[in-house]
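Biologist: I am new to this one. Could you show it to me and explain how each label is earned?

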Amino acid sequence: MRRTVYTSDHDAFRETLRAFIESEVVPHYDEWYEKGIVPKDFYLKLGELGVFGIEVPEEYGGAGIESFKYQAVISEELARAGVSFGGSSVHIALCLPYLTSLGTDEQKQRWLPGMATGETMFAIAMTEPGTGSDLAGMKTTAKLSEDGSHYVLNGAKTFITGGVNADRVIVCARTASQKEDDRRFGISLFVVDTTLPGYAVGRKLDKIGLKTSDTAELSFTDVQVPAEDLLGEENKGFSYLGNNLPQERLSIAVGAYAQASAAVRFAQSYTGDRTIFGKSVASFQNTKFELAACKAKVDAMESSVDRGLELHDAGELTAADAASLKLFCTEAASDVIDRCLQLHGGYGYITEYPIARLYADNRVNRIYGGTSEVMRSIIAKDMGL
Ligand SMILES: Cc1cc2nc3c(=O)[nH]c(=O)nc-3n(C[C@H](O)[C@H](O)[C@H](O)COP(=O)(O)OP(=O)(O)OC[C@H]3O[C@@H](n4cnc5c(N)ncnc54)[C@H](O)[C@@H]3O)c2cc1C
């Protein structure tokens with residue numbers, strides 16, 4: 001279907017990005033994949049290209065474009081090429097909105113220019129070993145010192161995307177006890193400098209997919225976080241998470257759609273080239289029907305993410321809308337990618353083929369940013385159930 005969500009500016013950006021991925025990512029990707037991380041200096045190249053600065057306000061060194069559509073173009077182009085920018089996926093798509101919406105001018109002056117250039121890489125740490133879906137149950141604490149100059153941070157986080165390469169991490173921590181009638185009260189956000197004494201990066205976790213993404217455990221032992229690194233107001237962290245999670249979920253929905261779309265392309269190309277029983281796999285009616293059904297699903301995903309992008313840019317995407325989009329796109333993408341892998345036969349299971357990597361990469365879309373079960377709960381609640 002003809003898409004109406006993008007303008008000629010997006011198309012020009014897409015072309016530049018496609019060429020960049022071809023020359024700066026594809027030749028190195030196998031090495032990054034083996035090492036399980038993208039070298040940090042690569043992020044300076046992304047900064048130079050302007051990828052990180054698109055949505056950073058002009059006064060802090062960016063282009064000041066208030067639209068999430070460029071992030072969607074990035075997701076689409078990475079999936080198309082079967083690669084990723086590693087853990088930096090959260091740097092702008094997840095972390096920037098927290099800084100722009102909650103940061104003071106002084107904080108933005110300190111953090112945003114480095115974010116735009118890639119000199120200061122950001123990650124966000126909500127999940128803990130004991131709690132993921134139930135974030136109100138987090139145990140990491142931040143206690144204000146007697147003189148009010150700093151908070152003392154103690155606790156641990158896990159599954160933190162970009163956690164090895166990060167220079168600053170938005171850490172969610174408890175600054176007050178829960179209230180009897182409000183479990184969500186008492187959480188605050190801190191933009192923690194990863195070089196502070198007591199801050200430690202634990203294991204880089206070995207995952208079945210997203211191999212180039214540095215997903216890490218973090219621990220904090222009496223880390224003295226300067227009071228000026230508190231983001232937003234004390235104890236209101238949970239509502240800040242609630243405001244920002246819809247963008248994260250939209251971004252995951254876009255990524256899932258882009259992966260499913262790429263899977264169909266890979267399968268169409270592979271089955272056209274592969275000959276069995278004296279004819280191409282593409283010529284079997286089953287292959288045509290499978291690919292046609294997958295294409296119809298991809299079209300449906302595309303229409304919904306495009307609508308989601310328009311609503312989000314207009315500031316109208318609700319938490320329930322984002323949950324619906326994430327649930328639908330991630331579940332549909334899993335089905336499409338699985339079917340496309342099947343059409344590759346045994347080669348679909350071999351990681352040198354992009355479809356195999358996509359299959360593994362896509363699986364986490366139904367888990368992170370809130371699981372499918374949590375998405376169903378949000379939607380059901382919105383329906384008054
Ligand atoms: C590769 C990767 C990257 C990640 N990156 C980050 C990151 O950068 N920052 C960050 O903070 N976190 C990150 N996460 C964590 C991710 O958001 C959590 O894993 C996710 O929210 C689920 O939490 P959990 O793993 O603790 O599962 P649990 O909460 O323990 O869930 C276990 C099971 O219980 C189900 N469940 C939970 N609640 C309910 C319910 N109410 N009703 C029915 N079933 C329920 C879940 O759906 C799931 O099936 C990442 C995770 C992965 C795997």
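Biologist: Why is Leu210 called partly exposed?

Modeller: Its relative accessible area is 21%. Buried means under 20%, exposed over 50%, and partly exposed in between, with a 1.4 Å probe and protein chains only. Leu210 therefore counts as partly exposed. Please keep in mind that this is a predicted model, where local features need pLDDT of at least 70, side-chain atom pairs count only at pLDDT 80 or more, and totals for chains, interfaces and linings use all residues. Residues are numbered from 1 along each chain as its sequence is written, and side-chain values use heavy atoms, leaving out hydrogens and water.

Biologist: What makes the phi of Leu210 worth a look?

Modeller: Leu210 has a positive phi of about 45 degrees, yet it is not a glycine. Most residues other than glycine have a negative phi.

Biologist: Why is Phe277 called exposed?

Modeller: Phe277 has 79% relative accessibility, and the cut-off for exposed is passed, so the label follows. Phe277 also has a positive phi, near 45 degrees.

Biologist: And is Phe190 buried or exposed?

Modeller: Buried, because its relative accessibility is 1%. Phe190 touches residues beyond four places away in sequence, among them Tyr151, Val171 and Val225; contact means heavy atoms within 4.5 Å.

Biologist: How do you know that strand 2 and strand 3 pair?

Modeller: Strands are DSSP runs of E, at least two residues long, numbered from the N terminus, and two strands pair if DSSP finds at least two bridges between them. Strand 2 (residues 141-144) and strand 3 (residues 150-161) have 4 bridges, in the antiparallel sense, so they meet that definition.
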